[in-house]
Amino acid sequence: MANVTENLRRLWLANLYAWKDALAYRLDFIFLIVDYFVFPVVNFATITIIYTVSSGIAGWDYYQAVFLIGLIGLVRNVVRYAVYPNGFVRAMQQGTIDGMLTRPYSYLVMIVSNFGSKTCIGAIISSIGIMLFALPHISFTPLTGLAFAAMVASGTAALIMFFLLLILLSYKYFSGGNWVNWLLNTILNANEYPLSIYGIVGTMFFTFVLPVSLAVYFPAEVLLGFASLNYTVGVVALALAMAIAFHRAFYALFINYASGGG
Amino acid sequence: MKNLTLNTKLLSYFQIFLKQSFAFRMEAIANAAFNVAFPITMIIVWTAVYRTTGTAAINGFTLPQLYVYFFALTLSDAFIMYGIAWSMEYDVNSGSIYTYLTKPLSYMASVLAGQAAGLAFYLATAGICVLVIFVALVHVPITAATAAAFVAELAIASAISFGIMFMLGCIAFYVPAIEGIIDVSQFIMMFLGGGLVPIAMFPKWASAVMYILPFQYFYNLPATTLAGLQPAGQLLPALLFGAAWALLSVMACIAVWNRAKLRMDTVGV
């Protein structure tokens with residue numbers, strides 16, 4: 001328990017430090033916050049235009065599609081807040097991560113503390129705003145709300161562990177990892193729309209190969225009433241199983257990590 | 001060394017930057033894959049939208065024309081010189097911009113050579129993938145005149161974006177960190193230029209403004225030209241208007257550079 005408290009304290013302090021660091025260049029910080037804030041807003045504008053000029057996507061009304069846009073923005077930026085691939089890879093390439101690993105905290109806490117993008121908060125705020133805009137037009141019960149929250153949380157945990165593992169694999173085999181950031185963007189862009197448009201193969205792909213749907217599409221389906229509550233248990237169980245499996249694989253690779261720095 | 005012409009120097013820089021680009025092959029393969037992902041995603045989305053709406057055309061676009069539009073966006077994106085501002089920010093803040101003072105080519109020309117190498121690298125890797133899938137998926141007749149107009153518009157887009165991004169990069173001489181400024185500007189230019197949705201799909205008041213801005217030359221004009229949506233009579237005026245924007249942008253960029261470089265100071269080296 002003491003260990004958990006220490007790690008949480010470390011996480012809090014690291015976040016505080018990261019915020020102060022980000023605020024060192026105030027003008028740039030403001031622009032970065034605005035920048036991130038604008039991304040989900042532009043996606044919101046895009047889906048609004050699609051629904052203005054057409055009937056949209058079968059089975060999904062405007063507010064449901066907007067809610068999905070908000071949710072993907074939220075998940076995307078929570079993942080980025082925790083892990084920003086470029087920073088993590090650079091730290092391994094330059095060896096700056098080595099010193100951090102000698103400290104008496106969980107390596108996972110060290111990574112999440114140091115290699116996230118704090119300015120993503122701008123996008124988190126606008127994404128929540130978009131979800132709140134759509135929420136009054138969506139009917140759901142407290143129970144489906146809880147199930148939704150559990151699925152988003154477990155799915156996001158699985159997604160974060162998946163990306164950490166991918167970054168490490170990329171570093172080990174390709175000595176780089178910028179492409180992981182591109183992959184993150186590409187698959188999350190694809191998940192801004194209901195997965196039904198990709199058919200069963202696409203849904204499987206975004207569940208078992210690139211596990212984004214566990215954090216976005218399936219929770220949205222339950223909240224919006226497209227799927228029953230029973231669905232939740234399976235989705236949460238699968239997400240947790242994936243998170244644990246990715247974590248184990250990550251740990252096995254990480255203890256054999258070879259620093260790129262001198 | 002003194003006898004080297006400007007063209008020879010530019011070519012040498014181009015070759016060096018090209019070799020640097022090819023040093024990271026995995027990145028090249030990934031870049032190719034992700035470049036193809038964007039138009040394919042948009043095609044799937046819009047196919048679903050057309051199916052739901054049950055109409056042959058939305059705001060003047062048939063589905064095959066939208067296919068062309070999104071593939072053309074991917075190609076034209078490579079010609080937009082977004083990278084200039086990023087590399088200038090790095091050069092100014094790291095102090096490496098000083099090293100250019102000792103080199104036999106002006107900083108502006110070397111930046112241009114770097115961008116040209118990046119474009120050549122893209123065309124040789126991701127560009128080929130985009131073209132192959134484009135030909136396989138899209139069955140819209142494209143005439144030689146349309147293709148020529150498309151190429152001319154890409155050249156105009158490159159010139160306009162060179163000026164704008166170079167001016168943005170010059171802000172690094174005045175403000176220590178400009179990542180946010182560059183990124184937000186880039187995203188807004190992309191949106192206003194029709195990089196996510198064709199300008200014709202926007203509300204009338206918005207599209208009226210967007211057609212005046214130079215950003216439509218980045219995406220909307222080349223893509224609608226290739227899709228056969230630009231009437232032949234309007235192409236020449238559009239090209240002339242774009243050329244005027246390009247001239248204005250480059251002249252403004254030279255004026256800004258002449259002032260900004262007086263502030264050249266470095267903590268690096």
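Helix α4 of chain B runs over residues 83-94, and a simple length check works well on it: at 1.5 Å a residue, its twelve residues should span 16 Å, and the C-alpha atoms at its ends are indeed 16 Å apart. This helix belongs to a predicted model, which scores ipTM 0.85 and pTM 0.86. Chain B holds ten helices and two strands, while chain A has twelve helices and zero strands. The points below start from helix α4 of chain B and then move outwards to the chains, their contact and the core.

**Around helix α4 of chain B**

- The buried residues in α4(B) are B:Ile84, B:Ala85, B:Met88, B:Glu89, B:Asp91 and B:Val92.
- What do these buried residues of α4(B) pack against? Their partners are three helices of chain B, namely α5 (107-137), α6 (144-170) and α7.
- Just after α4(B) comes B:Gly95, whose phi is positive, at about 90°.

**Chain B as a whole**

- Following the sequence of chain B, you meet the pattern α-α-β-β-α-α-α-α-α-α-α-α.
- With 269 residues, chain B would be given 18 Å by the globule rule; its radius of gyration is 20 Å, close to that value, so chain B is as compact as a globular protein of that length.
- Along the principal axes, the C-alpha trace of chain B spans about 60 × 40 × 35 Å.
- Buried residues account for 43% of the 269 residues of chain B.
- Among the contacts in chain B with a separation of 6 or more, 84% join residues 24 or more positions apart.
- The average pLDDT of chain B is 86, and 94% of the residues score at least 70.
- Where in chain B is confidence lowest, and where is it highest? The lowest mean, 75, belongs to helix α1 (residues 6-22) of chain B, and the highest, 94, to helix α8 (residues 204-210) of chain B.

**Two loop residues of chain B**

- B:Asn59 sits in the loop between β1 (57-58) and β2 (61-62) of chain B.
- Most residues other than glycine have a negative phi.
- B:Asn59 is not a glycine, yet its phi is positive, near 45°.
- Is B:Asn59 buried or partly exposed? B:Asn59 is partly exposed, because 15 other C-beta atoms lie within 10 Å, and a residue counts as buried at 20 or more and as exposed at 12 or fewer.
- B:Val140 belongs to another part of chain B, the loop between α5 and α6.
- With 14 other C-beta atoms within 10 Å, B:Val140 is also partly exposed.
- Although B:Val140 and B:Gln65 are 75 residues apart in sequence, their C-alpha atoms are 7.1 Å apart in space.
- B:Gln65 is one of the contacts of B:Val140 beyond its neighbours within four places in sequence; the others are B:Pro64, B:Val68, B:Ala227 and B:Gly228.

**Chain A as a whole**

- Read along its sequence, chain A goes α-α-α-α-α-α-α-α-α-α-α-α.
- A compact globule of 262 residues would have a radius of gyration near 18 Å, and the 19 Å of chain A agrees with this.
- The box filled by the C-alpha atoms of chain A, taken along the principal axes, is roughly 60 × 45 × 40 Å.
- Of the 262 residues in chain A, 47% are buried.
- Residues 24 or more positions apart make up 81% of the contacts in chain A with a separation of 6 or more.

**Where the two chains meet**

- How many residues does each chain bring to the contact? Chain B brings 31 residues and chain A brings 30 residues.
- On the side of chain B that touches chain A, the elements giving two or more residues are α2 (25-53) and α7 (179-192) of chain B.
- The most comes from α2(B), which gives 13 residues to that side.
- By type, the residues on that side of chain B are 22 nonpolar, five polar and four charged.

**The largest nonpolar core**

- This core has 168 residues, and the members that touch the most others are A:Val75, A:Ala158, A:Met161, A:Phe163 and A:Leu164.
- Which helix supplies the largest share of this core? Helix α8 (residues 142-174) of chain A does, with 17 residues.
- Setting aside residues up to four places away in sequence, A:Phe163 touches A:Val79, A:Val83, A:Pro85, A:Val180 and A:Leu184.

Terms used
Residues numbered from 1 in each chain as written. Chains lettered and ligands numbered in written order. Predicted model: local features only at pLDDT ≥ 70, side-chain atom pairs only at ≥ 80, totals over all residues. Contact = placed C-beta atoms within 7 Å. Helix = DSSP H or I, 4+ residues; strand = E, 2+ residues; numbered from the N terminus. Nonpolar A, V, L, I, M, F, W, Y, C, P; charged D, E, K, R; others polar. Expected span 1.5 Å × (residues − 1). Core = buried A, V, L, I, M, F, W, Y, C linked by C-beta atoms within 7 Å. Rg over C-alpha atoms; globule rule 2.2 N^0.38 Å. pLDDT = per-residue confidence, 0-100.
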